[in-house]
Amino acid sequence: MQEKTPTTPRKVRKERPYRSINGYGVSAVVLLLIAVGIWALVQRLMPLPMSILLIVIGLVLIPGLYMLQPNEGIILTLFGEYQGTDRTEGLRWTNPLQSGQKISLRARNLNTPPLKVNDKRGNPVEIGAAVVWRVYDTAQAVFEIDDYNKFVAIQAEAAIRHLATLYAYDSGDDLQSEETTLRAGLDTVADALKDELNQRFASAGVEVLDAKLTHLAYAPEIAQVMLRRQQAVAIVSARHQIVAGAVGMVEAALKGLSERNLVVLDDERKASMVSNLLVVLCSDRETQPVVNTGTLYT
């Protein structure tokens, strides 16, 4: 058997600050060198090579100037070696031999299109989210990831798909009473999505500022079935409340008649009265009363 050679851990690039020079002072020096060189060249105040040298030095210093806006950084490399990241806003200057790549540090929005996934029960649902993110480590974003914008989009889709499988769309008899669902626990689901996105984005030097679900619905193929199920649950709940209220009203009516001695009813007539009152109170249609012109027992 061949022995496995131990692999050395890969070095992860971390951002380090870079101290640049104030570009306004360097600009003044550049203008002065060029102006003196041209004036000396025209007036022949110094040897020709010296005048040309002053102009060349001024022109060589110009490529080292760059400007940064607020919440913007520039990654500086010298012959492929990372030198640091400058976040100082304004006009700055560095070694002209260094190359720079600007990167935005502002917050950005990612609005994922509705994704068709299966929830915890296996029901197909459509889910979408809006993610607010920004780059916090420029070295990781540029050197550890090939394209951090595509990386964020793909990992966000993967996180949303994984999150949907952990929760059921809606509550039901097969779930515990306090179990979180996608529809009822939006805040809890949003916090879970934010935590998972931060874990996935950590290697890219990206952090998530906020994440919210923007779209949540059953897939079209089961939407009608689930709508009928929700309607049935609502009808049963409404009927339960109606029956509970009707029983209370009947109880109050019998108690009032008994306390005032308006009429004395035996158990059979009480049962008949309760039945009639419940029919009237619980019916979803208007009842047609029948007037009894005889005695109570006929």
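**Group meeting talk: helices, salt bridges and a few residues to look at**

Hi everyone, let's begin on the surface. Helix H2, which covers residues 48-61, is the element that gives the most to a nonpolar patch, with four residues. Please keep in mind as we go that this is a predicted model.

Which residues make the patch? They are Leu41, Leu48, Ile52, Val56 and Val60, and together they form a nonpolar surface patch of about 390 Å². Leu41 is found in helix H1, which runs over residues 23-43. Is Leu41 buried or exposed? Its relative accessibility is 34%, so Leu41 counts as partly exposed. If you want to find the patch on your screen, start from Leu41 in H1 and then look along H2.

Now let's stay with those helices and ask how they sit together. Two packed helices are described by the angle between their axes and the distance between the axes. For H1 and H2, the angle is about 155° and the axes are 8 Å apart. What do we call such an arrangement? Angles over 145 degrees count as roughly antiparallel, and therefore H1 and H2 are roughly antiparallel to each other. The crossing in which H1 passes H2 is left-handed.

There is another helix pair to compare with it. Helix H4 spans residues 148-164 and helix H5 spans residues 186-201; their axes come within 10 Å and cross at roughly 135°. That angle makes H4 oblique to H5. The crossing of H4 and H5 is right-handed. So when you rotate the model, try looking at each pair in turn and keep the two angles in mind: about 155° for H1 and H2, and roughly 135° for H4 and H5.

Next topic: charged side chains. How many salt bridges are there? The count comes to four, and I'll walk you through some of them.

Let's take Glu15 and Arg87. Their side chains meet in a salt bridge, with a distance of 2.9 Å from N to O. This pair links distant parts of the chain, 72 residues apart: Glu15 is in the segment before strand S1 (21-22), while Arg87 is in the loop between strand S4 (81-86) and strand S5 (90-93). How covered are these partners? Glu15 has a relative accessibility of 23%, so Glu15 counts as partly exposed. Arg87 is at 37%, and that also makes Arg87 partly exposed.

Now let's go back to our oblique helices. In H4, the side chains of Arg161 and Glu157 meet in a salt bridge at 3.3 Å, N to O. Both residues lie in that helix, four residues apart, or about one turn of the helix. Arg161 has a relative accessible area of 34%, so Arg161 is partly exposed. Glu157, with 32%, is partly exposed as well.

H5 has a salt bridge of its own, between Arg200 and Glu196, where the closest N and O atoms are 3.2 Å apart. Here too the partners lie in one helix, four residues apart, about one turn of H5. Is Glu196 buried or exposed? At 12% relative accessibility, Glu196 counts as buried, because the cut-off for buried is under 20%. Its partner Arg200 is partly exposed, at 27%.

Just beyond that helix, have a look at Gly205. This glycine lies in the loop between H5 and strand S10 (206-218). With a relative accessible area of 0%, Gly205 is buried. Gly205 and Thr138 are 67 residues apart in sequence, yet their C-alpha atoms are 6.6 Å apart in space.

Let's finish with backbone angles. Asn71 has a phi near 55°, a positive value in a residue other than glycine. Where does Asn71 lie? The answer is the loop between strand S2 (65-68) and strand S3 (72-78). Asn71 counts as exposed, because its relative accessibility is 51% and the exposed class starts over 50%.

Phe79 also has a positive phi, of about 55°, although it is not a glycine. Phe79 is found in the loop between S3 and S4. Is Phe79 buried or exposed? Its relative accessible area is 73%, so Phe79 is exposed.

That's my tour. Thanks for listening, and please do ask about anything you'd like to see again!

Note on methods: Residues numbered from 1 in each chain as written. Predicted model: local features only at pLDDT ≥ 70, side-chain atom pairs only at ≥ 80, totals over all residues. Heavy atoms only, no water. Patch = residues over 30% accessible without salt bridge, like charges linked within 9 Å, V, L, I, M, F, W, Y side chains within 5 Å. Areas by Shrake-Rupley, 256 points an atom, 1.4 Å probe, with all protein chains shown as cover. Buried < 20%, exposed > 50% of the residue type's maximum accessible area, 1.4 Å probe, protein only. Axes fitted to C-alpha atoms, helices over the stretch in contact; angles between N-to-C directions. Parallel < 35°, antiparallel > 145°, perpendicular 65-115°, else oblique. Left-handed = near helix turned anticlockwise from the far one by under 90°.
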